[in-house]
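Trainee: I would like to take a close look at a single part of this model, and then to see how that part sits within the rest of the chain.

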Amino acid sequence: MSATTSGSVRGPIRHVEYVMGTAVTIDVRDPRVGAGAVDAVVSWLHTVDATFSTYRPDSAISRLDRGEVGLADCPDTVRSVLARCEELRVETVGYFDPRYAGRLDPSGLVKGWSIEQADQILQAAGSRAHCLNAGGDVLARGRPAPGRWWRVGIADPRDRSRLATVVEGADIAVATSGTAERGAHVVDPRTGEPATGWASVTVVGPDLPTADAYATAALAMGDQAREWLAGRTGFEAYAIAPDGATWATPGFPR
């Protein structure tokens, strides 16, 4: 059902929006929530794309990167995102760096952050049961139905027609970074070479932007990500090597 067909439509509502270079699925199960709330989420996601896209020359991020405007001239959201990026750069010892290679690109945080903000829009509208999926970065609120868990499939990076595992839970965030869709696009900043130690890394926790950044950093780290991820309080991880071997932290929910 399209969220834009009628403002009187109420949940369950499922809408897919193509924005930020990916398909975003908005799945609202709470019957108290109308299509207007989903429309508000769609509008928000397009605002994020217009502000943060590195492919749009008129976006605030592109103009800031070219030095045409200063940080003080940008929207508050840009300052907030870049401040969080800097915290994560320090925490990951530079493996998550939005300014790697001299270009400003906070995309590794923005997708998860935008979905977290979309979750707050739906909660403000009264929803206690919904799931947002932006190209594999998933935030699931409440339960899909009484007595049931949300189930998030983790694709096998060697064969995306099958699932490597399934994460079940409520009020969870799941972020995956890998080579299956975009190839070896994450670079190890220590070597300048594409990161190939893992085929995919999935991080689960209470905070989607942080899980998203952790997954990207861990993919860049390669094998040393095992020890680093094990030290992230509140987050669990699951990784698949190029040969199909898997590794997970002890509390990974599967």
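Is Val93 buried or exposed, judged by its relative accessibility?

Mentor: Keeping in mind that this is a predicted model, Val93 counts as exposed, with a relative accessibility of 52%, a value over the 50% that the term requires. Val93 lies in the loop between α3 and α4, the latter covering residues 107-124, and its phi is near 55°, which is a positive value in a residue other than glycine. That deserves a remark, because most residues other than glycine have a negative phi.

Asp171 offers a second case of this kind, since Asp171 is not a glycine and yet has a positive phi of about 55°. Asp171 is placed in the loop between β6 and β7, and at 43% relative accessibility Asp171 counts as partly exposed. The side chain of Asp171 also meets that of Arg141 in a salt bridge, with 3.3 Å from N to O. This pair links distant parts of the chain, for Arg141 belongs to strand β4 (residues 137-141), whereas Asp171 sits in the loop that separates β6 (159-169) from β7 (172-178), and the two residues are 30 apart.

Returning to helix α3, which precedes the loop of Val93, one finds a salt bridge between the side chains of Asp76 and Arg79, at 2.1 Å from N to O. Both residues lie in α3 (residues 76-91), and because they are 3 residues apart there, about one helical turn separates them. Asp76 is exposed, with a relative accessible area of 56%, while Arg79 is partly exposed at 28%.

The loop between α2 (60-65) and α3 holds Pro75, which counts as partly exposed with a relative accessibility of 37%. Once the neighbours within four places in sequence are left aside, Pro75 is in contact with Thr51 and Ala60. For Ala60, which is 15 residues away from Pro75 along the chain, the separation of the C-alpha atoms is 7.8 Å.

Further salt bridges can be followed elsewhere. Asp223 pairs with Arg226, and the closest N and O atoms of this salt bridge are 2.7 Å apart; Asp223 is exposed, with a relative accessible area of 52%, and Arg226 is partly exposed at 34%. In addition, Asp49, Arg56 and Asp58 are joined into one network by salt bridges that share partners. A search of the whole structure finds 17 salt bridges.

As for the setting of these details, the protein chain has 6 helices and 12 strands. Its radius of gyration is 18 Å, close to the 18 Å that the globule rule gives for 254 residues, so the chain is as compact as a globular protein of that length. Along the principal axes, the C-alpha atoms fill a box of roughly 55 × 45 × 30 Å. Of the 254 residues, 48% count as buried, and carbon and sulfur atoms account for 48% of an accessible surface of about 11,800 Å². Among contacts between residues at least 6 apart in sequence, 56% join residues at least 24 apart. Finally, the chain carries 26 positive and 31 negative charges, whose mean positions are 4 Å apart.

Notes:
Residues are numbered from 1 along each chain as its sequence is written. This is a predicted model: local features need pLDDT of at least 70, side-chain atom pairs count only at pLDDT 80 or more; totals for chains, interfaces and linings use all residues. Side-chain values use heavy atoms; hydrogens and water are left out. Helices (H or I, at least four residues) and strands (E, at least two) are DSSP runs, numbered from the N terminus. The radius of gyration is taken over C-alpha atoms; the globule rule is 2.2 Å times the number of residues to the power 0.38. Buried means under 20% relative accessible area, exposed over 50%, partly exposed in between (1.4 Å probe, protein chains only). Contact means heavy atoms within 4.5 Å. Accessible areas come from the Shrake-Rupley method with a 1.4 Å probe; for residues, only the protein chains shown count as cover. Lys and Arg count as positive and Asp and Glu as negative; His and the chain ends are not counted. The place of a charge is taken as NZ of Lys, CZ of Arg, CG of Asp or CD of Glu. A salt bridge is a side-chain nitrogen of Lys or Arg within 4 Å of a carboxyl oxygen of Asp or Glu.
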